[in-house]
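Thanks, everyone; I would like to take a few minutes on one model, going from its surface to its aromatic side chains. Please have a look at it first.

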Amino acid sequence: MPLWLWCLLFVLESLYCWWIIGYGGARWIEGWKSFFMIEWFALDWTAEQIRLYVLIIWCFSAIWFVVGVIKPELRL
C-alpha cells in the first residue's frame with residue numbers, strides 16, 4: 001500500500017473517531033446504529049462506553065500507523 005493511501009486512511013479514521021469522541025457522534029450512534037458503525041457487541045452500550053472503546057481503538061490505530069510508516073511491509 002502506498003504511503004499516501006496509508007496516510008489518507010488514517011486521516012479518515014481519525015476524523016471518524018474524532019467525531020465520535022468529541023462531537024456527539026457517540027450519542028448519535030447509540031443503540032441499534034452502533035451495530036453497523038462499531039460492532040455487534042456495542043448494541044447495548046451507552047455513549048460513554050462507545051467513546052471509551054473508540055478512544056482505545058484510536059490509540060492502537062495511531063501506534064499501528066507509526067509502525068506502518070516506519071516499516072512499509074507491515075501495511076495491510
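In this predicted model, a nonpolar patch on the surface is formed by Met 1, Trp 4, Leu 8, Leu 9, Val 11, Leu 12, Leu 15, Trp 18 and Tyr 23, and together these residues have about 950 Å² of accessible area. To take one member of the patch, Leu 15 sits in helix 1, which covers residues 3–22, and its relative accessibility of 46% makes it partly exposed.

Now to the aromatic rings, where the count comes to six pairs. One of them joins Tyr 16 and Trp 19, whose ring centres are 6.3 Å apart with the planes at 40 degrees, so this pair is classed as tilted. Both residues belong to helix 1, three residues apart, or about one turn of the helix; Tyr 16 is partly exposed at 26% relative accessibility, and Trp 19 is partly exposed too, at 29%. Trp 18 and Tyr 23, by contrast, make an edge-to-face pair, with 5.1 Å from centre to centre and 85 degrees between the planes. Of these two patch members, Trp 18 is partly exposed, with a relative accessible area of 46%, while Tyr 23, at 55%, counts as exposed.

There is also an aromatic cluster made up of Trp 6, Phe 10 and Phe 65. And which residues, beyond its neighbours within four places in sequence, is Ser 61 in contact with? They are Phe 10, which we have just met in the cluster, and Glu 13. Ser 61 itself lies in helix 4, residues 47–70, and is buried, its relative accessible area being 15%.

Definitions and conventions
Residues are numbered from 1 along each chain as its sequence is written. This is a predicted model: local features need pLDDT of at least 70, side-chain atom pairs count only at pLDDT 80 or more; totals for chains, interfaces and linings use all residues. Side-chain values use heavy atoms; hydrogens and water are left out. Patches are made of residues with over 30% relative accessible area and no salt bridge: like charges are joined within 9 Å, nonpolar side chains (Val, Leu, Ile, Met, Phe, Trp, Tyr) within 5 Å. Accessible areas come from the Shrake-Rupley method with a 1.4 Å probe; for residues, only the protein chains shown count as cover. A salt bridge is a side-chain nitrogen of Lys or Arg within 4 Å of a carboxyl oxygen of Asp or Glu. Helices (H or I, at least four residues) and strands (E, at least two) are DSSP runs, numbered from the N terminus. Buried means under 20% relative accessible area, exposed over 50%, partly exposed in between (1.4 Å probe, protein chains only). Contact means heavy atoms within 4.5 Å. Rings of Phe, Tyr and Trp (its six-membered ring) pair if their centres lie within 6.5 Å; planes under 30 degrees apart count as stacked, over 60 as edge-to-face and the rest as tilted.
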